[in-house]
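Morning, everyone. I have one model to walk through today, ligand first and then the sheets. Let me put it on the screen.

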Amino acid sequence: MTAVRPHAARPGVALAAYTTLGLGGPARRFVAAEASGEVVAEVRAADERGEPLLVLGGGSNLVVADEGFDGTVIRIATRGVRLVGDGDGDGDGEAGTVTVTAAAGEDWDALARRCVADGLAGTECLAGIPGLVGATPIQNVGAYGQEVAETIGTVSCYDRARREIVALAAADCGFGYRTSRFKRDPGRFVVLGVSFRLTRGRMSTPIRYAELARSLGVGAGERVPLADARAAVLALRRGKGMVLDPADPETRSAGSFFTNPVLGPAGLAALEHAARARLGPDAAVPRFPADDGQVKVPAAWLIERAGFGKGYASSAGARISAKHTLALVNPGGGSTKDLLALAAEIRDGVRAAFGIELTPEPVLVGVRL
Ligand SMILES: Cc1cc2nc3c(=O)[nH]c(=O)nc-3n(C[C@H](O)[C@H](O)[C@H](O)COP(=O)(O)OP(=O)(O)OC[C@H]3O[C@@H](n4cnc5c(N)ncnc54)[C@H](O)[C@@H]3O)c2cc1C
């Protein structure tokens, strides 16, 4: 672990400047930690003071109260990437596998870009996702047919319950669709670094996502050059406002605001019934296979069919993105209260139309939906 370099804590820092939504009131105490030892020392000190703690990465999956956060906010600013592979003489195992270990404060997309440039497969479809490496295991970041659960080897964390640093193997992280042990037990683990096991090669992992396969002109399950996969994902994401761009107000969001509902056979039958009643006898509910014989239904489809189209707004302070039904944006000058009022309206509308309860994807800090 690197040496502890204490940074001056600052009071009253506006968290809006640290969230991609541009929303959130002041933190009682704000500190940026540039070394893992500093992160641990700050967490321990806050715990000893009995003070609420918010670990802040890139703020791209956070909805923070207008009132702010009455506790310590630790902004993770640790850096460092290390590649260890077969042939490096460390006995790392499987031929063609490279372990990439990155500090929690590394920028995720920069790491994914570097992996593609270095000829390492496994993160090429996760291009353009904002935020930091340390947050990727929290909700098992995923897009376009890949998720980090497939490549994470170990997650190094400070365990606040045991007050020690632990290395959790992927099998112990409880990964699922947009969830993990970290998300289910919020606050217990502070991620210090993540190791990814990537495959050396020029080609991508098999392309699973139909929209991506179409845009690449290949069939599902085929492989394409890594750089092509990355470029195609970025192009698709840009079209939906899903790549951060200060010049594009449609990207002032927290990404998808709701997860896609996962339904068993009975839930799907009830939804199909409700869809026919609302949309007519020919209504076909789109779905994708999920684990254990369940299906994933696109939340965007439900939201649109419940009457909330792209650009929808019920106040001047929040609206649905003009590019992506699942993203709620701060048009500028909005508030968290406005955003949550819109989210509640959409959730209630989908429930009334289809009997489905949408679940928010971002982490809500000091607010509830
Ligand atoms: C335009 C846009 C597009 C997006 N697209 C996608 C997508 O395609 N797929 C996807 O999965 N997500 C997507 N997201 C959501 C978001 O980018 C990811 O969830 C990302 O991993 C969040 O990283 P962050 O560093 O910004 O975390 P933050 O928003 O800062 O934090 C999120 C949560 O993680 C916790 N956390 C952060 N760092 C640590 C740490 N080191 N240790 C412990 N806890 C920590 C925080 O306390 C908080 O609970 C998108 C967001 C935006 C704005």
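Start with what the shell around the ligand is made of: 19 nonpolar residues, 12 polar and three charged. Keep in mind that this is a predicted model. In total, 34 residues surround the ligand. The closest are V55, G58, S60, N61 and G142.

Which strands contribute to that shell? Strand 3, residues 53-56, strand 9, residues 142-143, and strand 13, residues 189-200, each supply at least two residues. Strand 13 gives the largest share, with three residues.

Now the polar contacts. Two of them go to the backbone. At G58, a polar backbone atom sits 2.7 Å from an oxygen atom of the ligand. At N61, a polar backbone atom is also 2.7 Å from a ligand oxygen. Q139 uses its side chain: an N or O atom there is 2.9 Å from an oxygen atom of the ligand. How much of the ligand does the protein bury? On its own the ligand exposes 980 Å², and 93% of that is buried by the protein.

On to the sheets. One is an open sheet of four strands, in the order 1-2-5-3, with mixed pairing. Strand 1, residues 13-14, and strand 3 are at the edges. Each has a single partner strand, so one side of each has no neighbour in the sheet. Remember strand 3 from the ligand: it is one of the strands that supply at least two shell residues.

Inside that sheet, look at strand 2, residues 26-33, and strand 5, residues 69-76. They run parallel and are joined by six bridges. For a residue to find on screen, take A32: its bridge partner in strand 5 is R75.

There is another open sheet, with three strands in the order 14-16-15 and antiparallel pairing. The edges here are strand 14, residues 262-263, and strand 15, residues 288-289. Again each has a single partner strand, so one side of each is left without a neighbour in the sheet. Strand 15 pairs with strand 16, residues 295-296, over two bridges, in the antiparallel sense. In strand 16, V295 is the bridge partner of P289.

Last, confidence. The protein averages a pLDDT of 94, and 95% of the residues score at least 70. Where does the score fall under 50? It stays under 50 over residues 89-93. For that stretch, the model has eight contacts beyond four places in sequence.

That's the tour. Questions, please.

Technical notes: Residues are numbered from 1 along each chain as its sequence is written. This is a predicted model: local features need pLDDT of at least 70, side-chain atom pairs count only at pLDDT 80 or more; totals for chains, interfaces and linings use all residues. Side-chain values use heavy atoms; hydrogens and water are left out. A residue is near a molecule or strand if one of its heavy atoms lies within 4 Å of it. A polar contact is a pair of N or O atoms within 3.5 Å; within protein, one must be able to donate a hydrogen and the other to accept it, and residues adjacent in sequence count only if both atoms are side-chain atoms. Accessible areas come from the Shrake-Rupley method with a 1.4 Å probe; for residues, only the protein chains shown count as cover. Ala, Val, Leu, Ile, Met, Phe, Trp, Tyr, Cys and Pro count as nonpolar, Asp, Glu, Lys and Arg as charged, and the others, Gly among them, as polar. pLDDT is the predictor's confidence in each residue, from 0 to 100. Contact means heavy atoms within 4.5 Å. Two strands pair if DSSP finds at least two bridges between them.
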